[in-house]
Every structure is written in C-alpha cells, then in structure tokens.
Amino acid sequence: MSSTKESAHTPMMQQYLGIKAQNPDMLLFYRMGDFYELFFDDAEKAARLLNITLTTRGSSAGTPIKMAGVPYHSAEQYLARLLKLGESVVIAEQIGDPATSKGPVERQVARIVTPGTLTDSGLLDETRDTLILALAPGRLNATPSVESVGVAWLNLSAGRFQVSEIPTSTLPALLARVRPAEILAPDDFALSGAACAESASIKVGAVRRLAPWQFDSDSAHTRLAQQFGSRDLSGFGVADLTLALAAAGVLLDYIQTTQRTALPHIQAIHAERDSDFVQLDAATRRNLELTETLRGEASPTLLSVLDTTATGMGTRLLRHWLHHPLRDRNVLTRRRDAIGVLAEQPDTAAALTRLLKSCADVERISGRIALKSARPRDLSGLRDTLALLPDLAAALPADRAHLSTLQRALAARLDLHQLLARAVLPEPASVLREGGVIADGFDADLDELRALTRDAGAFLLELETRERARSGIATLKVEYNRVHGFYIEVSRAQSDKVPDDYRRRQTLKNAERYITPELKAFEDKALSAQGRALAREKVLFEALLESLTPHVPALLDMAAALAEIDVLTSQAERATTLKLCAPEYTSEPGIVIRAGRHPVVEAQVSHFIPNDVQLTRARQMLLITGPNMGGKSTYMRQVALITLLACCGLWVPASSAKIGDIDQIFTRIGASDDLAGGRSTFMVEMTETAHILHNASANSLVLLDEIGRGTSTFDGLALAWAVARHLVSATRAFTLFATHYFELTQLANEYKQLVNVHLDAKEHGANLVFLHAVEEGPASQSYGIQVARLAGVPGPVIAAARRHLRELEDAQLQPGPQGDLFVAHLPNDEPPPHPALDQLREMDLDALTPKAALDMLYALKAHL
C-alpha cells in the first residue's frame, strides 16, 4: 500500500494509513464500533497468527481491502496470544462522536502494547516479572581492547530501573538471569545466535531494532536526570557508566512512547555489579532446572518444590532470589534468621499465610495507578489489602532484626484506606465503562444522576399524585414515549381545568398532552442521566487515580515488604515440611555438607539416600566414578543446589551445611546438538568446558559430568585427563568431576587434593541394585551392560555385548577391574622394550650368511 498515493484512498483509509505509517512494524488495532479491525497486510498476518477469518470488502484506491477483526470486549485474549508470539500492537480508539462527525470518526493511538511493557493484569503472568531490556554496545575507557555492552532493564509494573556494563562475552549469562520479554538493540549489533540459544527467554520476535544514533549517552544523561528530578546522575552512582546510560536513555524513550503518559513511579536508577552476585551462566541455570525443566516445563523444578507462597508478588520474589544468589553475607544472614524465627512459630506463620492470601497484587496495582491504567477492581483490591495491614503487622513476630524492619513497612495507611472505602463500591464493576464503580455518597452530583435513573418511576408516580390534587383532574396521567419524551395527558373534556403553567406538547383526538417546567427539567436530567452518570464516574475515577499517584512509591515499598514476608513465611513452612536446615556461612573457603539431599528428586521418590560432601583446599576435587544410573549427576546437582539455596539466604536440604565464599557456579552436565547454531554435541560440550576453564576461579564451584564422551575413547580420555589436571593444579576451583574413564582415578596419586569417591551398585541375581551412597575410593566397574539390559535392549544384543567384552578384556586389558589405557595405549607414551627389537637393531645385515640369517629367524621366533 505504501506505493499508492494517500489521496487516492477513501477518507477512512487515509486516516488508517496515517496512523499505520507512524508504527509500520507493529500490528494496528483500529477501533470501528464494537470491533478492532485490521487491514491489508496486518489483516493477513493477524488471521494467520490468531486463526481468525480474513475477508475482503470493497476497495480503496482500486485495491481490495483485506480485513480481519476481533471484538473489542474480548480483545485482551487476542492481545495475549500476539504478545506471546513476540508481536507488538498499536491500539487506536475512537475519540470523536459518530453522531456529530461529518467525516470519519476521529481516532488516536490510545496505547501501544509490547511484550516488555505489559501492565494489564489480563495479559501478565502473575508468577514472573515482565522486563524490557536495552543494549548499547561499545568500548569502555578502562578496557578499550575488550568489546563491552551497556545494559539497562526495567520492570515497568514496579518501576525498578537497573543498569550494568559488562564484556559482550558475558551477555548470554546476563540475559539468562534477567530473562527479558523484549530487547531493544541497535541495527548494527549482532545479538548472536549463540547468545540467544543460551538464554531460554530470547525469541527473535522479541528483539526490536533501533537506529544506532538513538543510543547517545549525553542526551540520555539529560533525559534521565529530568525523569528523576535531579540536576545530574551522580547521586545514583551511575554517572560514569556511559554505555549503560545510553541504553537507559533509549529504554526510557521507548517506554514514554508506548505508554503515552508520565512515569511518576520511575524515580531512581540502580547500578548492578557482577561482584554482588554468585554468577551462574546460562548452561548452569538450565542444567540445575531452577525455574523450568530441561524440557521447558514449570515442574518439577526447584521453584515448584519451594513455592508455597500466597501471592503472585511472593512467587515473583522467590523466583528472583533463585536467579540472583548473593555474596553479601549480611543480607543472607537476615533472611536465614527470619525464616528461623517463623519456623519456630508455625501458628504465627500459618496466620500470616491466611492474611496474605487475601492480599491483592499491590506491586502491579501501584504500577497501573502510576500509568493511569488501573481498573476499578484494582482499587477495591488495594483498599481491602490496606485494611489487612494492621493485622499483618500485629501477627509478625518482633525479632528486633529483619522482621521488625518489615513490620514497620506495613504501617497502617488510614488516609488511603478511608479514601478508597468512601470512593469505591465494595464490589465494583470490572471495567469503568459499565459504571457501578464509585460508591454512593462520595459525590453529590453522581448521587443525583443515579437517583434520576434509579428513581424515575417513583418520581413520576409522585408527580402524578401531586398534579391530580393540584388540578382536580382525577384521570390525569404522567407518561413517557420515545418520540415526545415525558408528558402529562388530560382528556379533552377536562382540558379547561389544567393549571396555567401547563404548556401543550401534543393534541390528540380525545386528549391533550402537556409539559410543565418541573417535568421538563426532570426530562432533561432523566434522559441524559445514565450517560452523564457514566461520564461523571469516569471523571471521579481519574481524579481518584490522580490523588493516589503521589502515594505510589510508598505503596511499592509496602508491596516489597508483603512479598518478602510471603517468601519468608512460605520458606518457614518448607523448612519444617521438607526437614531443611539453616546453612552456616563461614570465612573458610569450601563447602561441607552433611546428609545432603536433592530437593526436587527427593520430592519424586519414596526414599532418598542422603550423602555428604567435603570440599576444602586440602580436598579440592572429588573424582566421582560409578555405574550409569548410580546417582552421580544427582549427587553433583544437589551440591550445587544446596550451595545456591544457601547463597539465596534460604534453608537447605541437609542435616548441616557450611558454605564458604563462592563467586561462581559452573555446570557441564549433559549436552545435545545445537542444530540451529551448527554445533555438534561434542562441540557444545567443549564450548561449555572452555568457558569454565577461562572463567572459573579458586572460589568457584565446578560440576563436570563425563567430559570427553562425545568423541573417540583416546581423544576423550586425553581431554578429560587434561581438563581435570588444569582444574586441580591451575584453576584450583572446588570441583565435582564425574567420569567413566577409570584411568583418571590415578590422578589421586599425583595430586593429594584430588580424592576418588564412587557410587556403587550390586548384582542381586539377575537384577542390578543401585545403592546411591557415596563412598571413598574409585568404583570397581561401570555395569554398563547391566544398565543396557534394564533399559530393555534385546537379550541377543546383551549376550553378544558380554562375549565381545570378554574378548576385549582378554586381548587388550591388564588384570584388574579396568585396564590402564594411559600405560598401554596413549600414542605419546614410549612402547616397552622388546628383546627381538634390540636384537634386530644390533644386527649387521651385510655380514650375515644365509645360514646365520636362518638361525636368526629361529631366534626371533623363539622370542615370541
């Protein structure tokens, strides 16, 4: 349509195309009566994505008009589907009056809905934050040789604005942690396929490209200072983060453009430092199944086991904690101790949970109040939650520490509660356009309009009685019809008795119809009362939102306190139900866990075998051997999960746990092809291993499972051996290294800080019993063929495998449970000396006679 002159189109199409031209890359919902219509290419796209009917009606500029539409009253469900697909939608509403418009009804863009700027309760997932993120690539003065990127992200509902500057190589880890619903990036920045693949939340449709010139740090500094009402940004600690500010400026512009309103709840910006958190890369978050399984499902995961929160705010905060383990021991200790206080008072915790279940989502309601998009039931929910604050504060134990701080944040807001109690009906309508929102008695004008609508019949009967008495006409009637409105009807025979203030409105064959000044005034009010009542409610509701806006920061603080109380209370219940213990934070480096358990696996089985782990400077690497299905991966994951939970300030599944300072957790567990990225299973494995070797430190926890299994035996063994040596001697990280290469167990003879442990199994008749208990020393065998039989491999194949195994053992392997490939087969080792070879080297072939040569052959044969 762009090639056709706009003047050739009908006036309505000109209006549509004008709005569409302002937002060419978004779908346009164009309000026409009771429908939102889409035209031309938008109609085709929406019909395909939403499975709605595509039609063609009429033409404009000689082109048939393709149309598709959705009912306006059910538009949210269609919007939700489009947003999940990464689409953005412009909504144009009618602002003119169809009855008075001579041309097309005037329309304006009312809002722009994008995946990262959702605030409507019907479109949001209450269990996870919806974040929008912007990227500004460049180089930092401090490290000009390193490619860097400024990152800014915003939770629009809560007004939380954060920034960071990081090397571009660590961007996938940040994206996996933040999990943005929408990304803004310059046209010329390659958001690599690998980065996207490593962050489960990144979808192609959620990346919006902008012109590079928009990412300007100087203009961003000015705009941000204006937003925060400050002279500059030095007070926020971000003034020197030029790349991050460029990203933040673009993000603020985008939000202002899409929301088309002020953003009073965005009052500050915070800088995040990597050193604040225990770092987890994308692979680690995926492998540990913190909030979604490897299949992308919501359970069973660590979150699904721990989440018994009563509110959406609590679930979102718990999810945030699990993805943001901290290194600040003061914060962790406060959380841990608060859970302990509540765990000791289960009745108190249960009472708090009952109260919290009646609380509305104050965080998101506050955001909608700030954006002037709150709905009537948002305000009634806020009112009811404010009424619960005194009971919540009274129920909280006074621990003179963290809980007391949260208690103060729940100070009663009588002024707000009284305002909302007076202003909003106990059960208001779901949407403002239906009326029935503002309480009776709040506004005299509204009460009068409602009375006119509600009491019109009673007024007419009362007027009829009075007029009969005044006129003496017993048959006088007060009636109404749509053509003439309200009137007083008198028979023609008695028309000479009507009072002087009667004015004739209509003459019939046998009757006269009159109007009086009083009835005319009532008619004017009654006929427009309902429309004026709705308009009055709209004015009052908007004024109510305006009066609540200054209180939004305090409401957000209250919401944060409610969310944290919810998490702490739910974790106190989990601590008791799951038999968790309070972790101990130590200054000594290392991890010491007694009777540790995997919380997710334990919830799926009837009996779980707990295991200890001890990682210290003297016991730095545990080399884990044992059969497939024996529990090696579960053991490693449970150590990582217990460590992570402790670093979230939560109680852990163990009888005791001492956790030293951990800066990063790495996992290399399992792998699959990255077909989209053109990487084989082994390439993915080596890429993740290289990342660990480059980035792990002496304070990192590293989990490696079967390194080298994706290539040939010799190559894999050599790589596993070299990786293990590097980790134990160079990196010195705390490492759990699971392997089926028994040759690696000999490293314990070379490095005293490397210790062999194993998980065993026993053959009981034809069955294989896994013991799942970790024991000191290397395993005796791997039981691979037995596991294959358990998996259902056909009997003839199992029998053939056993025969071939015996042949291999007889032909190639030394006595013992497993041969030593390093001694016998590694190509770089010198072969053992042989007498025949020595004899051949010393032989002078030129001096040999035929008889001597024959004797030499017999001698060589004898050596065999």
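This report covers a cavity, a set of paired strands and one helix in a predicted model.

Residues are numbered from 1 along each chain as its sequence is written, and side-chain values use heavy atoms, without hydrogens and water. Local features need pLDDT of at least 70 and side-chain atom pairs pLDDT 80 or more, while totals for chains, interfaces and linings use all residues.

**Strands.** Helices (H or I, at least four residues) and strands (E, at least two) are DSSP runs numbered from the N terminus. Two strands pair if DSSP finds at least two bridges between them. The table gives the pairings of β19 (residues 591-596).

| Partner of β19 | Sense | Bridges | A facing pair |
|---|---|---|---|
| β20 (residues 611-615) | antiparallel | 4 bridges | Gly596 and Asn611 |
| β22 (residues 656-659) | antiparallel | 4 bridges | Ile591 and Ile659 |

**Helix α24.** Helix α24 (residues 713-731) has 19 residues, and its end C-alpha atoms lie 25 Å apart, in agreement with the expected 27 Å; the expected span is 1.5 Å times one less than the number of residues. Its buried residues (under 20% relative accessible area, with exposed over 50% and partly exposed in between; 1.4 Å probe, protein chains only) are Gly716, Leu717, Ala720, Val723, Ala724, Leu727, Val728 and Thr731. These fall within an arc of 145 degrees seen down the axis of α24, so they line one face of the helix; the arc is that of the directions from the helix axis to the C-beta atoms. Arg732 follows α24 and has a positive phi, near 65 degrees.
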